[in-house]
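Me: I would like to learn how to read a few features of a protein model, going from the whole chain down to single residues. Could you take me through them one by one?

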Amino acid sequence: MGTGKVILVGAGPSGRDLLTLKGFSALQKAEVVVFDRLVEQDILDCIPITAEKIDVGKQNNHHPVPQEQINQILANKAKEGKNVVRLKGGDCFLFGRGGEECEYLFENNIPFDVVPGVTSAIAAPAYAGIPVTHRDFCSSVHIITAHARAGKKLEIDFESLVNLRGTLVFLMGLSALEQIMQGLLNAGISSNMPAAVIENGTRPTQRKVISNVLEITEEVRNVGLKSPALIVVGEVCALSDKLDWFAKQPLYGKTVVVTRPQERIGTLSEKLRRLGANVIECPCIQTVNAVDENIFKKALTKTYDYIVLTSPAGVSAMITALEKVGKDIRVFYNCKFAVIGEGTAKELKKYGINADLIPDIYDSKHLADLLVNSINHQSSVLILRANEGSKELTTTLSNANIDFTDISTYKTEYCCNKVEMLKDMIKNNSINVVTFTSASTVIGFVNSIDIDKYNNFTALCIGEQTAQKAKSYGMNTKVAKNATIDSMIDVLIEEDNNV
Ligand code: SAH
């Protein structure tokens, strides 16, 4: 077996939005991922489940894995022929010991690549409305580590820094904030020189204190900012209020859990993130294609006027079911398609088929009513859906004496990969919203989380049926006006919405 390769990837300062495409692609192909404390969960969620994840960061009171041992892990895994990704917060070469790791790999003849990352030193100020340079104020920016070796004083040449007149960005400096400000003052910086401390920069939990060199220490202490945080000193900090774009995002500061199945989670999560929300992806259902071939074959010996599909998953399940019995979509060449909503219509369109009937309100009741009202009652209908489909559809058709065949093409299973994390967060009141895009996501969520009360977050539901289910567990619900993802988001960003 040949030697594998180590790819050092800068993960950026927060979630996947600020990860480079090259870094993302390296993660997708990784067999082993060795990561640090600063790497956020959302980035870890981009790692394939098959990859081995090794946490070498400091956790609570546990000490971090010593650098020498990290080097060895990287080398050994690569020697096993594995594709290794070494993930680091921010950029890998800015105070991240990336250089030392590369030297070690070089000495051990192990090939490596480096994928730079977005550094907190520039991105956190940017998200706080501070451009690190600006023609009106300065012509240089300096990034300084304020980390002192154990028991030692800071080794910073404050006089030189002050003479440079540029923007100063101090990393690892929160606990030495007072010393740093004193050092700058002693070196002659103006006591009203603007300064900022940014905690959790670029993350949905970002906080900042803007002040001046003289007063910032006390203000930061009063607000209680914690690590990770960085310090910016310079005239540019005065722009922070004016250019404060990030904290103005409509969902800034809100933590939202998305429970839809993995393959469909992206659109909702991405939209929420773009609006500034802290998104936790936790699929609570997964769909598994499953059809009884004999029953389906027999059903296909009949001809139908209408094919009814009740979810986007049902569309691909239909295609798979047809494949299973050696057919393709042409068996329905003469049929019309009735679908439950826009999402299903869109999925169907991927196969080149336009939906003929879509109810105004996207649920099975309205779909059933639409069929009864608009099709010839001599028509024959084939329903292709999940094994536990709503009875409303079939009962309404039966009552209208419409001939139908109901075939299950897939089943829904419950899952959740963040049970402990979500339990803790719910207990601490740190979740604002949980989104539910079907009644089954509610059941999946409740089955997995399994706590006494679900009343300290808003259950944002796609439609009435979903909301009924959520209410049955005591959840406080809000319902989208017209059963679409966009409409769910509208509910969240409506003004005066206390979610
Ligand atoms: N390689 C990293 C820096 C590692 S040093 C990068 O390029 O960003 C660790 C220090 O970076 C922390 O002590 C803190 O000062 C800063 N830092 C990292 N992430 C941060 C964030 N999201 N917000 C504010 N500061 C951050």
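Reply: What follows is a short walk through domains, a surface patch and one loop residue, all in a predicted model.

Me: Which domains does the domain assignment of the chain give?

Reply: The assignment gives domain 1 (5–117), domain 2 (122–244), domain 3, which is made of two segments (255–284 + 415–498), and domain 4 (289–411).

Me: How should I read the relation between domain 1 and domain 3?

Reply: In general, the size of an interface is often given as the accessible area lost when the parts come together. Here I can offer a distance and a residue count instead: the C-alpha centres of domain 1 and domain 3 lie 32 Å apart, and the contact takes five residues from domain 1 and four residues from domain 3.

Me: Which residues make the nonpolar surface patch?

Reply: The patch, of about 380 Å², is made by Phe95, Ile122, Val141, Ile143 and Met172. One of these, Ile122, lies in helix α5, which spans residues 120–127.

Me: Is Ile122 buried, partly exposed or exposed?

Reply: Ile122 has a relative accessible area of 43%, so it counts as partly exposed, given that this class lies between the 20% and 50% cut-offs.

Me: Where is Thr484, and why does it count as buried?

Reply: Thr484 sits in the loop between β20 (476–479) and α18 (485–493), and it counts as buried because its relative accessibility is 14%, where the class requires under 20%. Leaving aside residues up to four places away in sequence, Thr484 touches Glu342, Tyr362 and Ile462, while its side chain reaches the backbone nitrogen of Ser487 at 3.0 Å.

Notes. Residues numbered from 1 in each chain as written. Predicted model: local features only at pLDDT ≥ 70, side-chain atom pairs only at ≥ 80, totals over all residues. Heavy atoms only, no water. Patch = residues over 30% accessible without salt bridge, like charges linked within 9 Å, V, L, I, M, F, W, Y side chains within 5 Å. Areas by Shrake-Rupley, 256 points an atom, 1.4 Å probe, with all protein chains shown as cover. Salt bridge = Lys/Arg side-chain N within 4 Å of Asp/Glu carboxyl O. Helix = DSSP H or I, 4+ residues; strand = E, 2+ residues; numbered from the N terminus. Buried < 20%, exposed > 50% of the residue type's maximum accessible area, 1.4 Å probe, protein only. Polar contact = N/O pair within 3.5 Å; in protein donor to acceptor, adjacent residues only side chain to side chain. Contact = heavy atoms within 4.5 Å. Domains from an automatic or database assignment.
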